[in-house]
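Here are three short exercises to work through with a structure viewer open. Try each task before reading its solution.

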Amino acid sequence: QERLTQLRKKHRITVVGKDVPEPVEAFEQLKDYGISPELIQRLHECNYAVPTPIQMQAIPLMLQGRQILACAPTGSGKTVAFLLPIIHHLKGPRRKGFRAVIVSPTRELAKQTYRECLRLADCYKLKVHIISKVATAINKFGPDSSQKFDILITTPNRLVYLLNQDPPVISLSNVEWLVVDESDKLFEAGERGFRDQLAVIYQACNADNIRRAMFSATYTPVVAKWARKNLKKLVSITIGHRNA
Ligand code: ADP
Ligand code: ADP
Ligand code: MG
């Protein structure tokens, strides 16, 4: 227990929640969670030698299927922190439609996350998509499509547009992981915020085994309040200061 406290202190990791697993200081330790040697190898090929503090704590939690609110500075590796557990859980391609959705506040960020995801998901042959044109998406993902896709990375409006068609032209009922990236930005009030859009997406992800994770650079009380209210057995992780 003392050692665990020291370990978290060393990496400036603060956690709030029950039964939180130990941070992993090496990617190899993830073998204990069933992560394949191929995936670990892939991380090394991407020049990710050791996990960053947010990865040390968020990855084991998500691998246990826990819902999290993660706050860590910009540039601290949050993308890999959520992509790795998702890729592990999805294992290989299926014909069940999207099983993971990552919502980003801007198209540029969505594209970056998409590229990072392609690099990592490649070894499992997972099908990763980004919604660029709504018109193409209707044919690509609609009920008459092959349903051979696994991970969706998108800005909110496009996805909501597809969900709001009558009947909806995309189904999220097999989604196992919903990640809200830069949740502080997405939760902003007013025109720039996406509160209403997130509510539509949240409701469309109606599988029994749905898990959600929120990531952001800052700790924001509105996001924290929402997460506490809506996410069962939530664990909050903060790296460094809570710079709200
Ligand atoms: P954030 O989302 O926290 O702002 P990113 O996920 O965009 O940060 O990562 C920032 C940079 O760090 C990216 O170029 C990414 O490839 C790199 N990176 C991520 N994890 C590691 C790691 N474990 N070791 C080295 N570099 C990493
Ligand atoms: P961004 O805000 O960066 O454009 P979003 O995907 O969140 O990214 O927003 C795209 C916007 O364009 C949404 O408001 C969406 O409803 C609208 N849109 C895109 N294509 C069409 C279309 N073919 N018909 C109607 N609305 C569309
Ligand atoms: Mg990020």
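The exercises below deal with two helices and a ligand in this predicted model.

**Exercise 1.** Find out how the buried residues of helix H5 are arranged around its axis.

*Solution.* Start with the helix itself: H5 spans residues 107-121 and reaches 20 Å from its first C-alpha to its last, close to the expected 21 Å. Next, list its buried residues, which are Leu109, Ala110, Thr113, Glu116, Cys117, Leu120 and Ala121. These cover an arc of only 130° around the axis, so they sit on the same side of H5. The spacing fits a general rule: an α-helix has 3.6 residues a turn, so residues three or four places apart point the same way. Finally, look at what covers the buried residues of H5: among the elements are helices H2 and H4 and strands E3, E4 and E5.

**Exercise 2.** Sort residues of helix H10 into buried and exposed.

*Solution.* In H10 (residues 221-230), begin with the buried Val223, Ala224 and Ala227. Their arc is only 100° around the axis, which puts them on the same side of H10. Now turn to the other side, where Pro221, Lys225 and Lys229 are exposed. The cover over the buried residues includes strand E2, helix H8 and strand E7.

**Exercise 3.** Identify polar atoms of the protein that lie by oxygen atoms of ligand 1.

*Solution.* First, take the side chain of Thr79, with an N or O atom 2.5 Å from a ligand oxygen. Then check the backbone: a polar atom of Gly77 is 3.1 Å from an oxygen of ligand 1, and a backbone N or O atom of Pro73 lies 3.5 Å from one. To finish, consider area: ligand 1 alone exposes 570 Å², of which the protein buries 69%.

Note on methods. Residues numbered from 1 in each chain as written. Chains lettered and ligands numbered in written order. Predicted model: local features only at pLDDT ≥ 70, side-chain atom pairs only at ≥ 80, totals over all residues. Heavy atoms only, no water. Helix = DSSP H or I, 4+ residues; strand = E, 2+ residues; numbered from the N terminus. Expected span 1.5 Å × (residues − 1). Buried < 20%, exposed > 50% of the residue type's maximum accessible area, 1.4 Å probe, protein only. Arc of directions from axis to C-beta. Contact = heavy atoms within 4.5 Å. Polar contact = N/O pair within 3.5 Å; in protein donor to acceptor, adjacent residues only side chain to side chain. Areas by Shrake-Rupley, 256 points an atom, 1.4 Å probe, with all protein chains shown as cover.
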